[in-house]
Amino acid sequence: MKALRFDGEKLIFENSFAKPVTPAGEALIRVLMAGICNTDIEITKGYMGFTGIPGHEFVGIVEEINAEDQSLLGKRVVGDINCACGNPDCEYCAQNLGRHCTNRTTLGIANRNGAFAEYLTLPVENLLVVPESVSNQTATLCEPLAAGFEILEQVNFSANDEVLIVGDGKLGLLINHAVSTTAAKITHVGKHPDKLELAKANGSQVVLLDQMPQKQYDIVIEATGSASGFNFSLLHTKPRGILVLKSTIASSQNIDMTSVVVNEITVVGSRCGLFQPAIDYLATGVDLSSIISDVFPFDKALEAFEAAKTKGAMKVMLSF
Ligand SMILES: [Zn+2]
Ligand SMILES: [Zn+2]
């Protein structure tokens, strides 16, 4: 099969990579569409020390199932990227927290080949059927959108809460969609007037970074993808407020934790989320096409990666 492989130094487009053999309990999925994430770009800089096929945002067709239950055969699916060990003795799996299982593998990120290939395998239990009304492009946004919905599992949003979302990139905008399903009042701050327009169209107040007032918020969500986002976000969090961190940037930048202590701020780390709320939201017919900047045929995957790396790029997708 064709596959995009990272060898620890560079990405290589392979024309005859071995098609995966479907392990017990897993399904073989023919990839239809895959999205390039900032995490994939971080991987090419050494994030997680990953080598192999990256890619964790996808939609595909189940072509083979190595399990008794064949009900998903031929179905169009998306899949949770965290593959838990499932051992009843595992502290995390026993509590239904497989996403934190210490023996887990993660699609295209840790010890498991990912979606930048014609085929991938995932445990059957990770798969969810995509409603017919949801396009392949929209379905591919399910994984990063689920990461937005994860915040709703971790933090309670009430009508009295004033929320600040920091960062108007693709993740920030998907978070905006997730939080907009709550009653909280959202302000979205970013650097790009055109991207803030999308947050505005979704019902948020918007403000440009250089016009940001001194105001503080009950809940601040940091999604800038840059190390400086933390200090800015902290500055705008009310005493006793909640600061949610979404950026996976490995940085050793000095962070002044004094105000976390003095202002008794709760810092919440937030990563992947459950897919079902994201699929349900997509099935409402919401139009997320403005978050997608380009679709490349898979043969041009290397070019697509360059496009995804350009500053200000929105979601770049690969079509198979
Ligand atoms: Zn991602
Ligand atoms: Zn486990």
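This is a guided tour of a predicted model, moving from its domains to its packed helices and then to single residues.

Before selecting anything, note that residues are numbered from 1 along each chain as its sequence is written, and that chains are lettered from A and ligands numbered from 1 in the order in which they are written. In this predicted model, local features need pLDDT of at least 70 and side-chain atom pairs count only at pLDDT 80 or more, while totals for chains, interfaces and linings use all residues.

**Stop 1: the two domains**

Colour residues 3–141 together with 288–319 as domain 1, and residues 146–269 as domain 2; these bounds come from an automatic or database domain assignment. The C-alpha centres of the two domains lie 27 Å apart. Where they touch, ten residues of domain 1 and eight residues of domain 2 take part, two residues being in contact if their C-beta atoms, placed from the backbone, lie within 7 Å. Now select helix α1, residues 38–43, which with three residues gives the most to the side of domain 1 that touches domain 2. Helices here are DSSP runs of H or I with at least four residues, and strands are runs of E with at least two, numbered from the N terminus. That side of domain 1 comprises four nonpolar, four polar and two charged residues, where Ala, Val, Leu, Ile, Met, Phe, Trp, Tyr, Cys and Pro count as nonpolar, Asp, Glu, Lys and Arg as charged, and the others, Gly among them, as polar.

**Stop 2: helix α4 and its partners**

Select α4 (residues 142–154) and α9 (residues 275–282), which pack at an angle of about 110 degrees with their axes 8 Å apart. Axes are lines fitted to C-alpha atoms, for helices over the stretch in contact, and angles run from 0 to 180 degrees between N-to-C directions. The angle makes α4 roughly perpendicular to α9; angles under 35 degrees count as roughly parallel, over 145 as roughly antiparallel, 65 to 115 as roughly perpendicular and the rest as oblique. Show the side chains of C142, L145, A146 and F149 in α4, which meet F275, P277, A278, I279, Y281 and L282 in α9. The residues of this contact divide into ten nonpolar, no polar and no charged.

Keep α4 on display and add α5 (residues 170–179), which packs against α4 at an angle of about 50 degrees, with the axes 8 Å apart. These two helices are therefore oblique to each other. From α4, the residues P144, L145, G148, F149, I151 and L152 meet a set in α5 that includes L171, L174 and I175. By class, this contact has ten nonpolar, two polar and one charged residues.

**Stop 3: two loop residues with positive phi**

Most residues other than glycine have a negative phi. Go to N96, in the loop between α2 (91–94) and β7 (105–106), where phi is near 65 degrees. N96 is exposed, with 8 other C-beta atoms within 10 Å; a residue is buried if 20 or more other C-beta atoms lie within 10 Å of its own, exposed if 12 or fewer, and partly exposed in between, with C-beta atoms placed from the backbone. Then select E264, in the loop between α8 (258–262) and β15 (266–269), whose phi is near 50 degrees. E264 is exposed, with 10 other C-beta atoms within 10 Å.

**Stop 4: H188**

Finish at H188 in strand β11, residues 185–190. H188 is buried, with 27 other C-beta atoms within 10 Å. Leaving aside neighbours within four places in sequence, H188 is in contact with I165, D168, N176, L196, A199, S204 and V206.
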